[in-house]
Amino acid sequence: MAGVTEVLPADLRVAPRANIRRDTSSQRPHIPWAESIAQGLARFASLADEDAARADLDARLSFLRGALRDSPYHARRLHAAGIHPGDLQTLDDLSHLPFLDRGALAANWDAVPTLPADADDCVVVKSSGSTGAPVNVVRDRRDCLHMWAVLRFLVARAGAVLPSHPRVVLLDALPGGLEYSVRLPILHDGALHRISVLREDALQRLRRVRPAVLFSDPEGLRWLAAQRDVPSPELVLTSAQHLPAGLRAELANAVPAPVLNYYATTETGPLAWECLRPEAPGRFHVLAPDVWLEPEQDEVVVTRLRPSVLPLLRYLPGDAGSVRRDACACGFHGWTLEHFGGRGASHFATPSGREVDAWALAWVFKHHALRGFRLTQVDVSHFQLELAGASHADVAPLRERLTGALRNLGWTQARLDVCHVEVSALAVGTKPQPFRRLR
């Protein structure tokens, strides 16, 4: 069957530059949908009756059955296995269906989606590529806005009270970060500001904006914790998955606001959020009914239950963890992800002695076709880059871009050795570990 590239507009077949103003100005018709997403998440988070919860989730499989029939990849795969989409009647039936791993999605990214009649409403984005080759991900309009719908739920869950016309800041610690300011109608007629901490006026701009909600990664939060007289938002969010206890403590001294760590991937969107109780770190409550994370597995297995142009059936993002039904002391009733083995901590030490989150370099690898990589800090200014599946023509621009990123982060005279390896040499456990430091 033909892939979606035959019907996608030509400029969408490669990840386009985000049209920020279009994306924000056209949000207003989707506000009722965002409210329904937030209400659904809130209802499931307090639904104590497991049988009722499962019956509701089973009913949501109707959309997925249709999407599997309309997806060239899924239809072909199920037919080869002698399975009909109509065989999927309950969540228990999922165990009879095949998995979709990251490699298969990367190879069939244009055959998995089920495009709407108006394909112009879709975009193609790339995953971070932090554990190998980036994956092209097709998104429709609602996929692009879904995080803002989830944010409405998370704000209420954290007990945050937002002002009218709240301001949201994306605090960016990556080299070359894009800055902008736009309206955000989908969040109570607010505004969205992206601020790069690498700019000299970053603190002044942050003070001017006075955000009600702040998003960042650990490196951005580390910068925030080191500043004086910073405005205190109502809620801080990070999708780091690994948030060191020491950084939490530093941030609490500088910014007395709840910090909510959520688990998301580019392919799936947000999947779960970490319990806010300080005595229960590492327990992530699943964002049902939007997604289903299968219990009784040793790794994360995701099936998307909300309508989307990209039907994900038993998708394996490559993270370890186990899911079980839970009644948490925080008031949550539902499924909780424990023993989570997502992105681990990895820090590099600059010549000045400053610790830098190595994941601040992940963006560099997003722009290159690789099967895998590992960047090792051998000594203070000496790095080794192992590449799997890189073409010789790609090595020089990758080396140049990575050296520049290291320079921006504090290594003015970094030595970078590059070698080629088999992808099997990079795997540690269930997921490659692309950054390490020899001590």
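Which residues in helix 9 meet which residues in helix 10? In this predicted model, Pro-218, Leu-221, Arg-222, Leu-224 and Ala-225 in helix 9 meet Leu-247, Glu-250, Leu-251 and Ala-254 in helix 10. The points below cover this helix pair, then an open sheet of 4 strands and a helix that lies across strands 19, 20 and 21.

**Helix 9 and helix 10**
- Helix 9 spans residues 218–225 and helix 10 spans residues 245–254.
- Their axes come within 8 Å and cross at roughly 40 degrees, which makes helix 9 oblique to helix 10.
- The crossing of helix 9 and helix 10 is left-handed.
- The residues of this contact comprise 7 nonpolar, no polar and 2 charged.

**The open sheet**
- The strand order is 21-20-19-22, and the pairing is mixed.
- Strand 21 (415–420) and strand 22 (435–437) are at the edges with a single partner strand each, so one side of each has no neighbour in the sheet.
- On average, neighbouring strands of this sheet are turned by 20 degrees against each other, direction ignored.

**Strand 19 and strand 20**
- Strand 19 (residues 372–379) pairs with strand 20 (residues 382–388) in the antiparallel sense, over 7 bridges.
- Thr-376 stands opposite Gln-384 in strand 20.

**Helix 12 on the sheet**
- Helix 12 covers residues 392–409 and lies across strand 19, strand 20 and strand 21.
- Relative to strand 21, helix 12 runs at about 150 degrees.

Terms used:
Residues numbered from 1 in each chain as written. Predicted model: local features only at pLDDT ≥ 70, side-chain atom pairs only at ≥ 80, totals over all residues. Heavy atoms only, no water. Pairing = 2+ DSSP bridges. Helix = DSSP H or I, 4+ residues; strand = E, 2+ residues; numbered from the N terminus. Axes fitted to C-alpha atoms, helices over the stretch in contact; angles between N-to-C directions. Contact = heavy atoms within 4.5 Å. Parallel < 35°, antiparallel > 145°, perpendicular 65-115°, else oblique. Left-handed = near helix turned anticlockwise from the far one by under 90°. Nonpolar A, V, L, I, M, F, W, Y, C, P; charged D, E, K, R; others polar.
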